[in-house]
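Q: I've got a protein model open and I'm not sure how to read it. Can we go through some features together?

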Amino acid sequence: LLNSKYSNTSDFLSSEFIIAKFLIKKNKKIKSALLSFTIQSNIGDYITTIIKSVDEILGDKFENSVEIKFNSDSLAPNNYYLRIALFDPNSYFVYDLQEMICPFKINDFGTDMARFEGVNYGYFNLKHETNYDWIY
């Protein structure tokens with residue numbers, strides 16, 4: 001995992017973007033193979049999943065470096081893990097599955113929710129200052 005300074009880390013500020021970088025390899029052509037990338041909570045719940053065709057990622061190559069960038073303030077301050085799977089949706093065959101890997105933490109950088117740091121108050125950041133209005 002890389003932070004906004006492109007340094008390897010597992011500790012992020014909520015104001016930083018996060019880059020997950022990994023290498024995908026295949027030893028034979030599988031037309032229908034998909035790669036899923038999931039962010040998991042600290043208890044293993046699936047927070048969000050991205051799915052891409054392996055052919056789209058690799059083309060004619062047998063390996064390629066992949067980066068997924070998450071914008072700052074996408075996830076609420078909390079502890080997370082990654083899950084990566086390579087599978088065939090037609091046969092339900094799973095070629096590779098790595099769950100609860102690359103633990104990382106997002107820290108509040110000083111929002112109005114900073115005083116609740118360490119309390120599990122959700123997974124998505126609604127930008128509390130701008131995304132909703134109180135109506136009395």
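A: Sure! Let's start with touching: two residues are in contact when heavy atoms of theirs lie within 4.5 Å. Keep in mind that this is a predicted model.

Q: Okay, which residues does S32 touch, not counting residues up to four places away in sequence?
A: S32 touches F87, D88, P89 and N90. With N90 there's also a polar contact, 3.4 Å between the two side chains.

Q: Where does S32 lie?
A: In the loop between β2, residues 18-25, and β3, residues 34-41. You can also look at a C-alpha distance: S32 and D55 are 23 residues apart along the chain, and their C-alpha atoms are separated by 8.1 Å.

Q: How do I decide between buried, partly exposed and exposed for S32?
A: Use the relative accessible area: under 20% is buried, over 50% is exposed, and in between is partly exposed. S32 has 22%, so it is partly exposed.

Q: And K26, buried or exposed?
A: K26 is also found in the loop between β2 and β3. Its relative accessibility is 14%, so K26 counts as buried. Leaving out residues up to four places away in sequence, K26 touches V54, D55, L58, G59, K61 and F62.

Q: How many residues of β3 are buried?
A: With a strand, check each face in turn. Eight of the eight residues of β3 are buried. One side carries L34, S36, T38 and Q40, the other L35, F37, I39 and S41, and both faces are covered.

Q: Which strands do bridges join to β3?
A: Look for bridges, and for which way the strands run. Seven bridges join β3 to β4, residues 46-53, and the two run antiparallel. Within that pair, I39 has T48 as its bridge partner. β3 is also joined to β6 by eight bridges, again antiparallel, and here T38 stands opposite R83.

Q: What sits between β3 and β4 in their hairpin?
A: Four residues lie between the strands, and in this hairpin G44 takes a positive phi near 95°.

Q: Last one: how do I read a pocket, and what volume does the largest pocket have?
A: Check its volume, then its lining. The largest pocket has a volume of about 190 Å³. Its lining residues include F22, L35, I84 and L97. β2, β6 (78-88) and β7 (93-107) each supply at least two of the lining residues. By type, the lining divides into nine nonpolar, one polar and two charged residues.

Note on methods. Residues numbered from 1 in each chain as written. Predicted model: local features only at pLDDT ≥ 70, side-chain atom pairs only at ≥ 80, totals over all residues. Heavy atoms only, no water. Buried < 20%, exposed > 50% of the residue type's maximum accessible area, 1.4 Å probe, protein only. Polar contact = N/O pair within 3.5 Å; in protein donor to acceptor, adjacent residues only side chain to side chain. 1 Å grid on protein atoms, 1.4 Å probe; cavity = no way out; pocket = protein on both sides within 12 Å on 5 of 7 lines; lining within 4 Å. Points joined across faces, edges and corners; volume = space filled by probe spheres on them. Nonpolar A, V, L, I, M, F, W, Y, C, P; charged D, E, K, R; others polar. Pairing = 2+ DSSP bridges.
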